[in-house]
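Please look over the sequence and the model before reading on. The paragraphs below go from helix packing to single residues and then to the chain as a whole.

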Amino acid sequence: MIERNDQKLSISRQCSMLNVNRSPFYYTPKPTNPADLELMRLIDEQYMKTPTAGSRTMRTILRRLGYKPNRRKVQRLMRLMGLEAIYRYASICRRYHQHGWQRSSHGQYFH
C-alpha cells in the first residue's frame, strides 16, 4: 500500500491519496510487560477455577499469592483478555410487573 522509499510521493501524500491517517502508519506498539504477562497467566488460571470472581476478588486472590496489583490494573488486564465475572442479573422487570408497575416508552417505570 504505502511505500516508505517512494521518491515521487511522500508518505503524507500517499496517506492522503488513500484517505488513511498518518498516525497508524508511524505507530509501533510497545511490547507487553513480562510482569503483566505473568499476572494475565495467573488471572486466567484463577478464572478457570472461579469464573464468578470479578476484579476486586481477583485482586484479593493475587495479593494472597504474593503479588500487589491494584484493582484497576486487574480490571484492565481482565478486559484485555475478554474475561468478565459471571453473575446473576437482577430481574427488575419481573419484580415491577408483579407489583402493578408499567414501563413507559422511555424505559422508565410508573404506577
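A helix axis here is a line fitted to C-alpha atoms over the stretch in contact, and the angle between two axes runs from 0 to 180 degrees between N-to-C directions. With that in hand, the packing of two helices in this predicted model can be described. Helix α3, residues 34–49, packs with α4 at an angle of about 110°, and their axes are 11 Å apart. Angles of 65 to 115 degrees count as roughly perpendicular, so α3 is roughly perpendicular to α4. The crossing of these two helices, α3 and α4, is right-handed.

Which residues of α3 and α4 meet? From α3 come Leu39, Leu42, Ile43, Gln46 and Tyr47, and from α4 come Met58, Ile61 and Leu62. Sorted by class, the contact of α3 with α4 has 7 nonpolar residues, 1 polar residue and no charged ones.

Helix α4 also packs with another helix. Helix α4 covers residues 55–64 and helix α5 covers residues 71–81; the two pack at an angle of about 110°, with axes 9 Å apart. The range for roughly perpendicular is 65 to 115 degrees, and α4 and α5 are therefore roughly perpendicular to each other. Helix α4 passes α5 in a right-handed crossing. On the α4 side the contact is made by Ser55, Arg56, Met58, Arg59 and Leu62, and on the α5 side by Arg71, Val74, Gln75 and Met78. By class, the contact of α4 with α5 has 4 nonpolar, 2 polar and 3 charged residues. Met58 and Leu62 of α4 appear in the contact with α3 and also in the contact with α5.

The next stop is helix α1, which spans residues 11–17 and holds isoleucine 11. Is isoleucine 11 buried or exposed? A residue counts as buried when its relative accessible area is under 20%; isoleucine 11 has 16% relative accessibility and therefore counts as buried. Leaving aside neighbours within four places in sequence, isoleucine 11 is in contact with Ile2, Glu3, Arg4, Phe25 and Tyr26. Isoleucine 11 and arginine 22 are 11 residues apart in sequence, and their C-alpha atoms are 7.9 Å apart in space.

Glutamine 14 also has its place in helix α1. Its relative accessibility is 7%, so glutamine 14 counts as buried. Not counting residues up to four places away in sequence, glutamine 14 touches Met1, Ile2, Glu3, Asp6 and Leu9. Ile2 and Glu3 are thus among the contacts of glutamine 14 and among those of isoleucine 11.

Two of the residues in contact with isoleucine 11 are Phe25 and Tyr26, and they lead to the aromatic rings. A pair of aromatic rings is described by the distance of the centres and the angle of the planes. The count comes to 1 aromatic pair. Phenylalanine 25 and tyrosine 26 form this pair, with 5.4 Å from centre to centre and 75° between the planes, and the arrangement is edge-to-face. Tyrosine 26 has a relative accessible area of 45% and so is partly exposed, as partly exposed lies between the limits of 20% and 50%.

Finally, the whole chain. How many helices and strands does the protein chain have? There are 6 helices and 2 strands, and along the sequence they follow the pattern α-α-α-α-α-α-β-β. The protein chain has 111 residues, of which 21% count as buried. Among contacts with a separation of 6 or more, residues 24 or more positions apart account for 35%.

Technical notes: Residues are numbered from 1 along each chain as its sequence is written. This is a predicted model: local features need pLDDT of at least 70, side-chain atom pairs count only at pLDDT 80 or more; totals for chains, interfaces and linings use all residues. Side-chain values use heavy atoms; hydrogens and water are left out. Helices (H or I, at least four residues) and strands (E, at least two) are DSSP runs, numbered from the N terminus. Angles under 35 degrees count as roughly parallel, over 145 as roughly antiparallel, 65 to 115 as roughly perpendicular and the rest as oblique. A crossing is left-handed if the near helix is turned anticlockwise from the far one by less than a right angle, and right-handed if clockwise. Contact means heavy atoms within 4.5 Å. Ala, Val, Leu, Ile, Met, Phe, Trp, Tyr, Cys and Pro count as nonpolar, Asp, Glu, Lys and Arg as charged, and the others, Gly among them, as polar. Rings of Phe, Tyr and Trp (its six-membered ring) pair if their centres lie within 6.5 Å; planes under 30 degrees apart count as stacked, over 60 as edge-to-face and the rest as tilted. Buried means under 20% relative accessible area, exposed over 50%, partly exposed in between (1.4 Å probe, protein chains only).
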